[in-house]
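Hi,

Here is the structure I promised to pass on. Have a look first, and my notes follow underneath.

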Amino acid sequence: MAGAAGRDLGSRVYDETWLALLRRLLVSAIIAGPFLLGGGYGFTTEGFPNWASTVIILVGALLMCVGMYMSLTGIVPSPPMLPGESRLEMRHPTMKPAYARMIFSLPFLLSALYVWLYSASPYVYPFVLFLVGLYFFFKGAMRYLRNLHVTYTVTDRRVVHMYRFMWLNTKEIPVSRIISISEARNFFEILTGRGSVVVSSGIGERQVIKIEDIKNPGPVADDYQNHRGQGHRGQGCRR
C-alpha cells in the first residue's frame, strides 16, 4: 500500500509539473504572439517600413526565446532542509502586478494600431504610442518571467530567499538573529489581497529579506511569531 501511495504521489507531482510547464509556455506564446503576428502583417502591408516590421518580429522572437528558456528552467528552487528542520511556509511572488502592467499597455498598443491603420497621421505618432505600450508590456513580461524563479521559504530555523536564472542567488537569515518581522501593505495591495513581509536581522542589504508581492502575507508573519512564542515557552518550561 505504501508503494502504491508513493506511485500515486509521484504521478500527481509529474502531472502537475507538466501542467505548470505547459501553462508557462502558453503564457510565453501569448506574450510573444502579437509581436510576431504584427511584424508579419507589416511585411504584407504596403507602405509600412520593412525595418519596423523586422524590429517588431525580433522583439517577439526575443520574448518567445526568453520565455521558453525561463519556462523550461523555471523549476522553482527550494532550499534543502537540514536534519530536524521543518518548513513553516513556502511562497512565490504573485503574478498580479505583472499581469496589470501588461494589461495597462494594451490601450497604448491598440491606439498605435488604430492611428496607423485608420488615420493619415505621420508614422511618428503611432510609433510613440507603440514605444510607450511596449515599455509597460516589457515591464510586465520581465516581472512575470522573474517571478517564475523566486522562492521564499520560512522554516523553524531560518528565512530563505532564493532566485535562480542563469545563476543561483541565495540569501538567508537564521531565526536566532532575527530582530523583527513585520507585514507591509499599501492601499492597492490591501485591495488586491497581497503584500510583503519584511524580515530583519540588522542594518544593511544582506541583513534584510523582503518577502514581497505574496498573496495573503499575514499567515507568514503569524506562523513565525507563533513558532517563536512556542519556542520561548518551551525554554521557560525547561528552566
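Before the notes, one convention: helices and strands here are DSSP runs, numbered from the N terminus, with at least four residues for a helix (H or I) and at least two for a strand (E). Also bear in mind that this is a predicted model.

**Overall layout**

The protein chain has 6 helices and 7 strands. Going along the sequence, you'll meet them in the order α-α-β-α-α-β-β-β-β-α-β-β-α. The chain has 239 residues, and 36% of them count as buried. If you take the contacts between residues at least 6 apart in sequence, 60% join residues at least 24 apart. The accessible surface comes to about 14300 Å², with 66% of that belonging to carbon and sulfur atoms.

**The largest pocket**

I'd start with this one. The largest pocket has a volume of about 860 Å³. Its lining takes in 31 residues, and P34, F35, I56, L109 and F130 are the ones that lie nearest the centre. The elements that put two or more residues into that lining are α1, α2 (50-72), α3 (96-118) and α4. Which of the elements gives the most to the lining of the largest pocket? That's α3, with 9 residues. As for chemistry, the lining of the largest pocket divides into 29 nonpolar residues, 2 polar and no charged.

**Aromatic pairs**

The count of aromatic pairs comes to 9. One to look at is F35 with F130: the ring centres are 6.4 Å apart and the planes sit at 70 degrees, so this pair is edge-to-face, the cut-off for that label being over 60. F35 belongs to helix α1 (residues 2-44) and F130 to helix α4 (residues 124-147), so to speak two distant parts of the chain, 95 residues apart, that the pair links. Both F35 and F130 are buried, and you'll recognise both from the list of residues nearest the centre of the largest pocket. Elsewhere, ring pairs join F104, F108, Y135 and F136 into a cluster.

**The cavity**

There's also an enclosed space to check. The structure holds 1 cavity of 30 Å³ or more, and the space in the largest cavity is about 30 Å³. Its lining is made up of S28, I31, L63, G67, A141 and L145. Each of α1, α2 and α4 supplies at least two residues of that lining. By class, the lining of the largest cavity has 4 nonpolar residues, 2 polar and no charged.

**Y41, on helix α1**

Y41 is placed in helix α1. Is Y41 exposed, partly exposed or buried? Its relative accessibility is 45%, so Y41 counts as partly exposed, since that class covers everything between 20% and 50%. Leaving aside neighbours within four places in sequence, Y41 is in contact with W116 and L117. Y41 and I57 are 16 residues apart in sequence, and their C-alpha atoms are 10.0 Å apart in space.

**Around strand β7**

The last stretch I went through is strand β7 (residues 208-215), where K215 is found. K215 has a relative accessible area of 51%, so it counts as exposed, the cut-off being over 50%. Not counting residues up to four places away in sequence, K215 touches R91, T94, G193 and R194. K215 and E189 are 26 residues apart in sequence and 9.3 Å apart in space, C-alpha to C-alpha.

Two backbone angles in this part are worth a look. Most residues other than glycine have a negative phi. D213, however, has a positive phi near 55 degrees and is not a glycine. D213 is in strand β7, and with a relative accessible area of 7% it is buried. N216 is not a glycine either, and its phi is positive too, at about 45 degrees. N216 is found in the loop between β7 and α6 (218-238), and at 43% relative accessibility N216 counts as partly exposed.

Over to you, and shout if anything is unclear.

Cheers

Terms used:
Residues are numbered from 1 along each chain as its sequence is written. This is a predicted model: local features need pLDDT of at least 70, side-chain atom pairs count only at pLDDT 80 or more; totals for chains, interfaces and linings use all residues. Side-chain values use heavy atoms; hydrogens and water are left out. Rings of Phe, Tyr and Trp (its six-membered ring) pair if their centres lie within 6.5 Å; planes under 30 degrees apart count as stacked, over 60 as edge-to-face and the rest as tilted. Buried means under 20% relative accessible area, exposed over 50%, partly exposed in between (1.4 Å probe, protein chains only). On a 1 Å grid over the protein atoms alone, a cavity is a set of points where a 1.4 Å probe fits but cannot get out, and a pocket is an open set with protein on both sides within 12 Å along at least five of seven lines; lining residues have an atom within 4 Å of a point. Grid points are joined across faces, edges and corners, and a volume is the space filled by probe spheres set on the points. Ala, Val, Leu, Ile, Met, Phe, Trp, Tyr, Cys and Pro count as nonpolar, Asp, Glu, Lys and Arg as charged, and the others, Gly among them, as polar. Contact means heavy atoms within 4.5 Å. Accessible areas come from the Shrake-Rupley method with a 1.4 Å probe; for residues, only the protein chains shown count as cover.
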